[in-house]
Amino acid sequence: MRGIVRTGPGDPADVLTFSDRLTPPRPGPGQVAVSMCATAIHAGDLLGVREGWAAPDPARPAGVGSAGSGTVQSVGQGVTGVAPGDRVAFFGAAGAWQEVVLAPAAHVHRVPDALPDDVAALALVNPLTMRMLMRAVDHHGGGAAGADGPILHAAAGSAVGTLVSAAADRHDLSLIALVRSADTAARHRARWPKVPVITTSADGWEKRLDEAIGGRPVRVALDPVGGPVSRAMLDRLGEGGTLLSYGRLDSRPSGFEPFDLVRRQRAAVGVSIEQWAGLDDATRADDVAFALDLVAARPDLAEIAGHYDLAEHAVAVAHARRPDRTGTVLLTRRP
Ligand SMILES: NC(=O)c1ccc[n+]([C@@H]2O[C@H](COP(=O)([O-])OP(=O)(O)OC[C@H]3O[C@@H](n4cnc5c(N)ncnc54)[C@H](OP(=O)(O)O)[C@@H]3O)[C@@H](O)[C@H]2O)c1
């Protein structure tokens with residue numbers, strides 16, 4: 001079997017390697033073996049390699065990649081939701097960048113016949129993350145009901161950020177978008193003309209952020225970036241405001257201390273798709289139906305940056321790390 005494995009923690013360019021001699025995995029209880037069609041290179045996958053996060057399945061510590069689409073090959077004991085031959089999308093796999101992938105059954109979902117494999121590969125992780133984030137925004141007082149201040153939203157041009165912007169637009173939430181590059185800022189303004197956009201690579205961006213806030217209380221800041229952007233957003237939270245951290249695109253330190261939360265009784269809370277499995281059955285079913293409908297109806301919200309064969313992983317990863325990229329890079333099985 002062909003696939004990518006990691007040889008240790010470190011820069012993905014140094015520690016990822018292609019092999020055509022991997023042993024195809026067999027599903028254990030509660031697991032599904034999927035013959036992969038397309039698999040995404042997500043920011044979190046690369047972060048996990050760099051930081052040496054343990055793979056979710058200790059039996060497959062060298063596995064890389066977490067989400068994609070394919071056809072069910074076989075199922076383990078106790079699996080009832082999907083059967084061999086079903087076309088599915090999956091996430092939470094310990095090693096999705098390989099021809100046969102093992103995923104927990106709770107994270108494997110049938111997809112409609114009309115949904116192309118590459119769109120199906122992007123159907124779950126980002127839309128489900130967006131749903132988790134919007135619930136957290138609501139929970140922490142930033143939702144429409146009673147909110148009188150803007151939500152700060154970093155990396156607003158990312159794939160997840162685009163979904164959050166679309167949701168905020170639909171529900172008439174007041175956002176201030178922080179993006180890094182001038183090109184992304186221009187794209188964002190063209191797409192959502194009512195949303196103020198702050199370019200964090202430009203001199204004086206913090207002053208422009210203050211002007212956009214205009215003294216209104218900031219209840220929530222969505223932060224997938226870290227570093228100085230985190231700090232700037234934390235400093236602008238109003239009384240009892242919450243920084244929702246969900247990623248770390250910037251590896252620089254943010255320079256904030258727990259004691260910084262004491263003034264104005266602010267909070268910093270982590271949000272992760274890993275928490276999704278703990279939601280009740282009805283909510284999860286509703287989320288999956290929503291996600292599949294969304295990518296079918298709005299393929300512009302699941303943009304694909306490029307397709308690469310598994311053996312081209314080094315070029316694919318370099319593409320995924322390019323600052324001018326838009327959309328998500330996919331690895332595909334050899335035709
Ligand atoms: N917690 C979870 O469960 C979860 C799930 C999914 C995603 N995430 C996180 O969500 C974030 C976005 O993921 P994605 O897949 O949507 O990413 P993506 O589409 O690959 O993100 C690309 C965007 O990120 C911005 N960016 C990249 N590096 C940056 C940096 N150092 N500083 C500021 N902006 C930077 C780029 O801005 P410019 O174009 O302006 O350069 C670009 O618009 C990541 O942090 C990811 O780990 C978390």
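A crossing of two helices is called right-handed if the near helix is turned clockwise from the far one by less than a right angle. That term will be needed further on, when the packing of the helices in this predicted model is described.

The broad layout of the protein chain comes first. Its domain assignment gives domain 1, made of residues 3–123 together with 302–332, and domain 2, which covers residues 127–273. Taken over C-alpha atoms, the centres of domain 1 and domain 2 are separated by 29 Å. Where the two meet, 8 residues of domain 1 are in contact with 7 residues of domain 2. On the side of domain 1 that touches domain 2, helix 2, residues 43–51, gives the most, with 3 residues, and by class that side has 4 nonpolar, 3 polar and 1 charged residues.

The ligand can be considered next. There are 26 residues around the ligand, and those that come nearest are Ser158, Ala159, Arg180, Thr184 and Gly247. Two or more residues of this shell are given by each of helix 2, helix 4 (125–139) and helix 5 (159–170). Both domains take part, since the shell around the ligand draws at least three residues from domain 1 and at least three from domain 2. Sorted by class, the shell has 14 nonpolar, 10 polar and 2 charged residues.

Helix 4, one of the elements that give residues to the shell around the ligand, also packs against other helices, among them helix 5 and helix 9. With helix 5, helix 4 packs at an angle of about 55°, and the axes are 9 Å apart; angles from 35 up to 65 degrees fall in the class counted as oblique, and helix 4 and helix 5 are therefore oblique to each other. Helix 4 passes helix 5 in a right-handed crossing. In this contact, Asn126, Pro127, Thr129, Met130, Leu133 and Met134 of helix 4 meet Ala159, Val160, Leu163, Val164 and Ala167 of helix 5, and the residues divide into 9 nonpolar, 2 polar and no charged.

With helix 9, residues 281–297, helix 4 packs at an angle of about 125°, with the axes 9 Å apart. Helix 4 and helix 9 are therefore oblique to each other, and their crossing is right-handed in the sense defined at the start. Here Pro127, Leu128 and Arg131 in helix 4 meet Asp287, Phe290, Ala291, Leu294 and Val295 in helix 9, a contact whose residues divide into 6 nonpolar, no polar and 2 charged. Pro127 of helix 4 thus appears in the contact with helix 5 and in the contact with helix 9.

Terms used: Residues are numbered from 1 along each chain as its sequence is written. This is a predicted model: local features need pLDDT of at least 70, side-chain atom pairs count only at pLDDT 80 or more; totals for chains, interfaces and linings use all residues. Domain bounds come from an automatic or database domain assignment. Helices (H or I, at least four residues) and strands (E, at least two) are DSSP runs, numbered from the N terminus. Ala, Val, Leu, Ile, Met, Phe, Trp, Tyr, Cys and Pro count as nonpolar, Asp, Glu, Lys and Arg as charged, and the others, Gly among them, as polar. A residue is near a molecule or strand if its C-beta atom, placed from the backbone, lies within 6 Å of it. Axes are lines fitted to C-alpha atoms, for helices over the stretch in contact, and angles run from 0 to 180 degrees between N-to-C directions. Angles under 35 degrees count as roughly parallel, over 145 as roughly antiparallel, 65 to 115 as roughly perpendicular and the rest as oblique.
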